[in-house]
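These are my notebook entries on a structure that I went through by pairing, packing and charge. I put down what I looked up and what came back.

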Amino acid sequence: MLVAESISKRFGGLTALNDVSLNVKPGSITGLIGPNGAGKTTLFAIIAGFLRPTAGRVLFEDRDVTTEPPHRRAQLGIARTFQIVQPFAGLTVVENIAVGAYLRHPRRADALARATKVARRVGLGAELEKPAASLTIAGRKRLELARALATEPKLLLLDEVLAGLNPSEIRDMAPVVRSIRDEGVTILMTEHVMQAVMSLCESVYVLSEGRLIAQGAPQAVCEDRQVVEAYLGRGAAARFRPAGAALA
Amino acid sequence: MTARDLLPIAVAVALTALVPLFVTTNTVLNFLVLVLIVALAAQGWNILGGFGGQFSFGHAAFFGTGAYATAILQTRFGVNAWAGFALGVAAGALAGWIIGYLSFRSGLRGSYFALVTLAFAEVFRILANAAEVTGGAAGMLIKLDMRPANFQFASRAVFFWVALALVAAALVLTRGIECSRFGARLVAIRENEEAAQALGVDTLRTKLAAITLSAGVTAASGCLYAQYFLFVDAQIAYGTWISVEALLAPIIGGAGTAFGPLIGALSLHALGEIAKLFAGRVPGIDLALFGCLLVAAVAFAPEGILGLARRTRPRLKPAAG
């Protein structure tokens, strides 16, 4: 579905990503995790077309999209959410979502109908006519998701849609994410909430300091020595293992 | 766009059209025609600035291009005035597209875009003031020949109706934009350009379409001005006065709304006239008042008079399901 080939990105002297490759299989939920500053959001921006990689290629459905601008990728079926939510503050919830729906439904009535449907789907049905600026953070995360979903993507890039939510909100959101996948949308998500990653993702890539340090099933990745050290510091794996503590 | 969307426009235009039947003094009709001309220029600005959030400080570039194009075509090439009008609008729209292409392609936003438009208008003004084809600093006169075929009318009332028809057309255009995908995308760009891109909006194309339409409407206002006064010079056509009025009227009236520019233009000029009446001996008192109004609008009514009215009045329409 999506293949990133040896992506590198340098900002001046800073190497944000160094030779990162990943492969997202159709119909999967794939996780992308790593400590703060690992380059997750940079990689997302490159996949969605907001940044050009210094080296490497992005292939979507076997087609090289490395030089395609974001709006073209959205047309091809790649949608993204933003880690820092970006609502159209002056518009209502349904108008926000309609901007996404207009991509496949040029007529206003169709777009609004589609937007209403998507809003209900992510649990914003009661807030259709509210200004987007009045939503809580959980509501805004849902709105991000709804707008992206309204473009009817094949691949959905979720950039920390669960971050900043409380545990009960996460419990509400996780089934929504899973049901989106069950309808045939492939998902690539970055996440800090490990519990969610463990339960949602079939396969996980771990970035640290711009490099891919591990990949595989979530359980296996969490026991990987390099991964533990990337999160908790050098030597942590050795210190924790004898105690037999659950590293997840 | 449905009949219900157009009803308020039809009512407002029909009522305004009755005015010349009751008011026959030339002073008042002159005042109203000028208000309509400014309103039309402001309606143009509103498409790009009000809906698209791209604040131009140089809509004089389009107003003046329309005015000069129609004047030059008539006096130098003998083109019919109505054809000259259409070509003037086209020339203004083309100028809009070119300026838009140059600035939006290089990613200019916010104050940088504002400054570039201002610079273009100033360059046009200096060129028009120096070139031979525009009559240089002396400006140019359109030959007086009062026939409807020449877009010249002996009666001010008729000219009022023609201007009103153009304002009405711009109202319908604006309402059409409001109700369309193009409008939704334009507003999305105003609110958050990056998020709009992520949702598949071709921001360059959308902004170019907006500036082209915007410039065309403002150019129509310039043509109207030239036909009404039958005189154009660089200070009038490309002067900062029209750039300022084109943006002031929508901001005061309510940017990004169909009626905002009209209400703004009328309030501004009504207040200007009243100020001149009471303090006529102080030169520039109306302009000083405009400045104060702008400050007040930005501080207390960022959504303009229309926004203020909406906020103070309880919502009549329950939220549609």
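I began with a register check in a predicted model, and found that Leu59(A) stands opposite Asp64(A) in E5(A). The two strands concerned, E4 (residues 55–60) of chain A and E5(A), pair in the antiparallel sense over two bridges. I then asked in which order the strands of this sheet run. The sheet is open and has four strands, ordered E2-E1-E4-E5 in chain A, with antiparallel pairing. Its edges are strand E2 (14–24) and strand E5 (63–64) of chain A, each of which pairs on one side only. Asp64(A), which I had met opposite Leu59(A), turned up again in a network of salt bridges that links it with Glu5(A) and Arg57(A).

**Salt bridges**

I searched the whole structure for salt bridges and noted 22 over all chains. One of them joins the side chains of Arg80(A) and Asp159(A), at 3.9 Å from N to O. I looked up where the partners sit: Arg80(A) belongs to strand E6 (residues 78–80) and Asp159(A) to strand E7 (residues 155–159) of chain A, so that the pair, 79 residues apart, links distant parts of the chain. Arg80(A) and Asp159(A) are both buried. Arg80(A) also has an aromatic partner, for its charged end sits over the ring of Phe82(A), 4.1 Å from the ring centre. I recorded a further contact of this kind in chain A, where the charged end of Arg147(A) sits over the ring of Phe88(A), 4.6 Å from the centre.

The next entry concerns Asp182(A) and Arg181(A), whose side chains meet in a salt bridge at 3.1 Å, N to O. Are these two residues buried or exposed? Asp182(A) is exposed, because its relative accessible area of 56% is over the 50% limit. Arg181(A), on the other hand, counts as buried, because its 17% is under the 20% limit.

In chain B I looked at Arg175(B) and Glu178(B), which form a salt bridge at 2.6 Å, N to O. What separates the two along their helix? They are three residues apart in helix H6 (residues 156–178) of chain B, and therefore separated by about one helical turn. Arg175(B) is buried, with a relative accessible area of 13%, whereas Glu178(B), at 31%, counts as partly exposed.

**Aromatic pairs**

Turning to the rings, I noted 18 aromatic pairs over all chains. Phe104(B) and Phe113(B) make a stacked pair, with 4.8 Å from centre to centre and 20° between the planes, and both residues are buried. Phe151(B) and Phe159(B) pair in a tilted arrangement, at 6.2 Å centre to centre and 45° between the planes. I asked why that pair counts as tilted. An angle under 30 degrees would count as stacked and one over 60 as edge-to-face, so 45° falls into the remaining class. Phe151(B) counts as buried at 1% relative accessibility, and Phe159(B) likewise at 3%. Both residues belong to one aromatic cluster, whose members include Phe63(B), Trp82(B), Tyr225(B), Tyr228(B) and Trp241(B).

**Nonpolar cores**

I then looked up how the nonpolar residues group. The largest nonpolar core has 91 residues, and those with the most contacts inside it are Leu2(A) and Leu43(A). For Leu43(A) I left aside neighbours within four places in sequence and found contacts with Ile7(A), Leu17(A), Val20(A), Leu22(A), Leu32(A) and Leu207(A). Another core, of 51 residues, lies apart from it, and among its members are Ala111(A), Leu143(A), Val177(A) and Ile187(A). As a general point, nonpolar side chains in soluble globular proteins tend to be buried together.

**A loop histidine**

My last entry is on His105(A), in the loop between helix H3 (93–101) and helix H4 (108–121) of chain A. His105(A) is partly exposed, with a relative accessible area of 21%. Which residues does His105(A) touch, not counting residues up to four places away in sequence? They are Asp110(A), Ala111(A), Arg114(A) and Glu152(A). Of these, Ala111(A) had already appeared in the core of 51 residues. I also noted that the C-alpha atoms of His105(A) and Ala150(A), 45 residues apart along the chain, are separated by 9.8 Å.

Key
Residues are numbered from 1 along each chain as its sequence is written. Chains are lettered from A and ligands numbered from 1 in the order in which they are written. This is a predicted model: local features need pLDDT of at least 70, side-chain atom pairs count only at pLDDT 80 or more; totals for chains, interfaces and linings use all residues. Side-chain values use heavy atoms; hydrogens and water are left out. A salt bridge is a side-chain nitrogen of Lys or Arg within 4 Å of a carboxyl oxygen of Asp or Glu. Buried means under 20% relative accessible area, exposed over 50%, partly exposed in between (1.4 Å probe, protein chains only). Rings of Phe, Tyr and Trp (its six-membered ring) pair if their centres lie within 6.5 Å; planes under 30 degrees apart count as stacked, over 60 as edge-to-face and the rest as tilted. A charge sits over a ring if NZ of Lys or CZ of Arg is within 6 Å of the ring centre and within 35 degrees of the ring normal. A nonpolar core is a set of buried Ala, Val, Leu, Ile, Met, Phe, Trp, Tyr and Cys residues joined through side-chain atoms within 4.5 Å. Contact means heavy atoms within 4.5 Å. Two strands pair if DSSP finds at least two bridges between them.
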